[in-house]
Amino acid sequence: MTSAAVADRAVVEVRGLTKAYRRRGSPPLVAVDRVDLTVRRGEVYGFLGPNGAGKTTTLRMLLGLVRPTGGTASVLGNAPGSRAALEATGAMIEGPAFLPYLSGTANLRVVARYAGVDASRVAPALESVGLAERGDDRYASYSLGMKQRLGVAAALLKDPVLVVLDEPTNGLDPAGMREMRTLVRGLAGRGHTVVLSSHLLGEVQEICDRVAVIDHGRVVLESSVEEMRGGSELVVRATPSDVARDTVAALRGVEDVRLRDGVLAVRVPEAQTADVTSALVGAGVAVTEVRRSERQLEDVFLELTGGPATGGGDRDA
Ligand SMILES: Nc1ncnc2c1ncn2[C@@H]1O[C@H](COP(=O)(O)OP(=O)(O)OP(=O)(O)O)[C@@H](O)[C@H]1O
């Protein structure tokens with residue numbers, strides 16, 4: 001294969017991946033149902049879905065920790081769990097486990113020895129998660145955000161092509177979340193490919209390049225975050241609103257106009273915003289507000305699944 005072909009090859013390819021758990025006296029529980037995914041080199045790929053959707057099970061299959069009952073998965077062309085796949089992959093899954101009485105540095109040395117990685121990798125890994133100065137402090141003294149970042153540092157010890165992070169911001173306060181987002185984007189900036197799971201729409205929207213939306217084990221959408229938002233809309237408040245709607249609908253370039261609760265949502269190229277305003281004024285309509293609004297991932301999720309994005313009354317979404 002040429003080097004260009006290697007660079008183009010997907011880092012993760014998943015086709016028809018399925019995991020059914022047998023249950024005594026009941027039909028099997030299909031945790032992951034015929035999932036197709038492609039993760040390209042250098043992107044941050046988000047796996048978005050409510051609790052219990054099957055995200056962790058899928059990630060565990062990518063790491064060779066859970067055996068699929070159907071379909072295929074590959075990491076850089078290798079079977080998950082194979083030596084070649086493991087060498088190319090670093091992961092933080094279901095919370096990092098470290099020894100509380102050891103320092104961050106000492107903990108990473110333990111992980112490095114266990115993983116057969118040279119101890120010289122510990123310092124750069126700490127550095128890349130912003131913990132270089134706290135490396136000598138005991139793990140027990142770390143904030144939750146620091147603990148999570150040490151988990152990412154452990155995943156980076158091998159300097160892997162692929163970094164898999166299961167709910168990396170789970171439980172973090174807003175400052176910790178922000179640090180983790182910056183860290184993840186930085187990983188992609190340094191050439192790593194990142195696959196992460198999240199049940200937080202806003203987070204995925206901010207960090208990821210592409211997203212798979214998963215619901216009840218099925219991928220209901222795989223696309224770029226940009227495409228998923230579907231471009232921006234113009235929000236217009238004007239009275240009388242029905243005259244405003246008809247005026248805007250008659251304009252060239254307007255793709256769609258919807259009137260909801262007295263507010264118009266207009267799909268129109270950004271360059272034509274001024275045309276909308278002047279047409280309304282020309283029609284004698286009183287305009288009180290014209291602004292651009294991004295379509296949120298939350299709206300997309302509702303459209304796709306017919307339900308809210310977080311199950312079980314989760315904290316924020
Ligand atoms: N070892 C197992 N045995 C039986 N059922 C399991 C097992 N692991 C997961 N499941 C079930 O599979 C489904 C998907 O679980 P999974 O943990 O993959 O979801 P998730 O999207 O990661 O959600 P969460 O964020 O809550 O972990 C759930 O219904 C879960 O109860």
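This is a short talk on one chain and the ligand it holds, and the model is a predicted one.

Okay, let's start with the overall picture. The chain has 317 residues, and 37% of them are buried. There are 12 helices and 13 strands, and the C-alpha trace spans about 75 × 50 × 50 Å along its principal axes. If you take contacts between residues at least 6 apart in sequence, 68% of them join residues at least 24 apart.

Now the ligand. Which residues surround it? Going along the sequence, you have Tyr21, Leu29 and Ala31, then Gly49, then the run Asn51, Gly52, Ala53, Gly54, Lys55, Thr56 and Thr57, and finally His199. Two elements, strand S2 (26–39) and helix H2 (55–62), give two or more residues each to that shell. H2 gives the most, with 3 residues. By class, you're looking at 7 polar, 4 nonpolar and 1 charged.

Let me pick one of those shell residues, glycine 54. You'll find glycine 54 in the loop between strand S3 (44–48) and H2. Is glycine 54 buried or exposed? The cut-off for buried is 20 or more other C-beta atoms within 10 Å, and glycine 54 has 25, so it counts as buried. Who does it touch? Setting aside neighbours within four places in sequence, the contacts of glycine 54 are Ala31, Val32, Ile214 and Gly217. The isoleucine 214 pair is a nice one to click on: 160 residues apart in sequence, but 7.4 Å apart in space, C-alpha to C-alpha.

On to the sheets. One is an open sheet of 6 strands with mixed pairing, in the order S5-S6-S7-S3-S8-S9. At its edges are strand S5 (89–92) and strand S9 (218–224), each pairing on one side only. From one strand to the next, the twist averages 15°. Over at the S9 end, strand S8 (residues 210–215) runs antiparallel to S9, with 6 bridges joining them. In that pair, alanine 212 stands opposite glutamate 222.

Helices lie on this sheet too. H2 lies across S3, strand S6 (162–166), strand S7 (193–198) and S8, at about 150° to S6. Helix H7 (residues 174–189) packs on the sheet as well, touching S3, S6 and S7, and its direction makes about 155° with that of S7.

The other sheet I want to show has 3 strands, open and antiparallel, ordered S2-S1-S4. Its edge strands are S2 and strand S4 (70–75), and here the twist averages 25° from one strand to the next. Strand S1 (residues 12–23) pairs with S2 over 8 bridges; glutamate 13, for instance, has threonine 38 in S2 as its bridge partner. And H2 turns up again: it packs on this sheet, touching S1, S2 and S4, with its direction at about 115° to that of S1.

Last bit, the cores. As a general point, nonpolar side chains in soluble globular proteins tend to be buried together. In this model, the largest nonpolar core has 66 residues, and the ones with the most contacts inside it are Val12, Ala153, Val164, Val194 and Val195. Helix H6 (residues 144–156) supplies the largest share of that core, 6 residues. Leaving out residues up to four places away in sequence, alanine 153 touches Leu108, Ala125, Leu126, Val129 and Leu131. Apart from that core there's another, of 12 residues, including Leu234, Ala238, Val266 and Val285.

That's my tour, thanks.

Key: Residues numbered from 1 in each chain as written. Predicted model: local features only at pLDDT ≥ 70, side-chain atom pairs only at ≥ 80, totals over all residues. Near = placed C-beta within 6 Å. Helix = DSSP H or I, 4+ residues; strand = E, 2+ residues; numbered from the N terminus. Nonpolar A, V, L, I, M, F, W, Y, C, P; charged D, E, K, R; others polar. Contact = placed C-beta atoms within 7 Å. Pairing = 2+ DSSP bridges. Axes fitted to C-alpha atoms, helices over the stretch in contact; angles between N-to-C directions. Core = buried A, V, L, I, M, F, W, Y, C linked by C-beta atoms within 7 Å.
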